[in-house]
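I set out to look up a handful of local features in this model and to note each one as I found it. The entries below follow the order in which I went through them.

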Amino acid sequence: MGAAPATAILWPAVAMAGLTFLVWVRLYQLRLGEMARKRIRAQALASAADSVRLLSDTRASDNFRNLFELPVLFYAGVLLAAHIGVSDMVSLALAWAFVGLRAVRSAVHCTFNHVMMRFVAYVLATLVLIAFWARLAFALAAA
C-alpha cells in the first residue's frame with residue numbers, strides 16, 4: 001500500500017492522548033460529584049486505600065489507570081514507526097483502529113460499564129496492537 005506523509009503516523013498518538021485527557025475530565029466529574037453527594041472532604045482521600053474505602057464509583061479512575069498500561073506499547077510503537085519511516089496506509093489503519101477500539105472501551109467503562117462489551121473492545125484492540133507491532137518488526141527486519 002502507498003505511503004502517507006511521515007507525520008501521519010503520529011496523529012493516532014495525539015488522538016490517544018486526547019482520549020486520556022477526556023477520561024481524566026470524566027474521572028474528576030464523577031469523583032467530585034460523589035464527594036459532594038457524600039460530603040467527603042478532599043483530605044479524607046489522602047491515600048489510595050482511603051479512596052477505595054470512601055468512593056464507590058471507580059469506573060473512570062480505573063479506566064484512566066488502564067490508559068497507562070497497554071497503550072504504552074502503542075505510544076512506543078508509533079514513535080518507532082515514525083523513526084523508521086513506517087507510515088503506510090496499513091500501519092495507519094491499524095493505529096487508528098487501536099485508538100477507536102480504546103475509545104469504545106473507555107466510553108463503555110466510564111458510562112454503563114458492561115463488562116463483556118468492554119472485554120471485547122479490549123481484546124480486539126490488543127489484537128490490533130499485536131498486528132501493528134508485527135508490521136513494525138517486519139519493517140525493521142527488512143531495513
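Entry 1, terms and model. I call a residue buried when its relative accessible area is under 20%, exposed when it is over 50%, and partly exposed in between. The model I am reading is a predicted one.

Entry 2, salt bridges. I searched for salt bridges and found five in the structure; I looked at some of them in detail.

I began with Arg53, which forms a salt bridge with Asp50, the closest N and O atoms being 3.1 Å apart. Both belong to helix H2, where they are three residues apart and therefore separated by about one helical turn. I noted the general background that an α-helix has 3.6 residues a turn, so residues three or four places apart point the same way. For the surroundings of the two partners I checked accessibility: Arg53 counts as exposed because its relative accessibility is 58%, whereas Asp50, with a relative accessible area of 18%, is buried.

Next I took Arg59 and Asp57, whose side chains meet in a salt bridge at 2.7 Å, N to O. Asp57 has a relative accessibility of 24%, so I list Asp57 as partly exposed.

The third bridge I examined joins Asp88 to Arg135, with 2.3 Å between the closest N and O atoms. Asp88 sits in the loop between H4 and H5 and Arg135 in helix H6, so this pair ties together parts that are 47 residues apart in sequence. At a relative accessible area of 10% Asp88 is buried, while Arg135 is partly exposed at 30%.

Entry 3, the loop between H4 and H5. Since Asp88 had brought me to this loop, I also looked up Val86, which is found in the loop between H4 and H5. Val86 counts as buried, its relative accessibility being 9%. Leaving aside residues up to four places away in sequence, I find Val86 touching Ile9, Ala81, Ser91, Leu136 and Ala139. One of these contacts spans the chain: Val86 and Leu136 are 50 residues apart in sequence, yet their C-alpha atoms are 7.3 Å apart in space.

Entry 4, cavity. How many cavities of 30 Å³ or more does the structure hold? I find one, and the volume of the largest cavity comes to about 30 Å³. Its lining consists of Leu27, Leu30, Arg31, Asp57, Ala60 and Ser61, and the elements that give two or more residues to that lining are helix H1 (11-38) and helix H3 (59-66). H1 supplies the largest share, three residues. Sorted by class, the lining has three nonpolar, one polar and two charged residues. I note that Asp57, a lining residue, is also the partner of Arg59 in the salt bridge of Entry 2.

Entry 5, helix H3. I then asked which residues of H3 are buried; they are Ala60, Ser61, Asn63 and Asn66. What covers them includes H1, helix H4 (71-84) and helix H5 (89-110). I followed Asn63 further: Asn63 is buried, with a relative accessible area of 0%, and, not counting residues up to four places away in sequence, Asn63 touches Val23, Arg105, Ser106, His109 and Cys110.

Entry 6, aromatic pairs. A search of the whole structure gave five aromatic pairs. Phe64 and Phe68 form one that is edge-to-face, at 5.2 Å centre to centre and 70° between the planes; Phe64 counts as partly exposed at 21% relative accessibility. The rings of Phe74 and Phe132 have their centres 6.3 Å apart and their planes at 45°, so I record that pair as tilted. Phe74 lies in helix H4 and Phe132 in helix H6, so the pair ties together parts that are 58 residues apart in sequence. Phe74 is buried, with a relative accessible area of 0%, and Phe132 counts as buried at 1%. Phe74, Tyr75, Phe98 and Phe132 form one aromatic cluster.

Entry 7, backbone angles. Lastly I looked for positive phi outside glycine. Arg39 has a phi of about 55° although it is not a glycine; Arg39 is placed in the loop between H1 and helix H2 (48-54) and is exposed, with a relative accessible area of 74%. Asn113, also not a glycine, has a positive phi near 55°. Asn113 is found in the loop between H5 and helix H6 (115-142) and is partly exposed, with a relative accessible area of 25%.

Methods: Residues numbered from 1 in each chain as written. Predicted model: local features only at pLDDT ≥ 70, side-chain atom pairs only at ≥ 80, totals over all residues. Heavy atoms only, no water. 1 Å grid on protein atoms, 1.4 Å probe; cavity = no way out; pocket = protein on both sides within 12 Å on 5 of 7 lines; lining within 4 Å. Points joined across faces, edges and corners; volume = space filled by probe spheres on them. Helix = DSSP H or I, 4+ residues; strand = E, 2+ residues; numbered from the N terminus. Nonpolar A, V, L, I, M, F, W, Y, C, P; charged D, E, K, R; others polar. Buried < 20%, exposed > 50% of the residue type's maximum accessible area, 1.4 Å probe, protein only. Contact = heavy atoms within 4.5 Å. Phe/Tyr/Trp six-rings, centres within 6.5 Å; stacked < 30°, edge-to-face > 60°. Salt bridge = Lys/Arg side-chain N within 4 Å of Asp/Glu carboxyl O.
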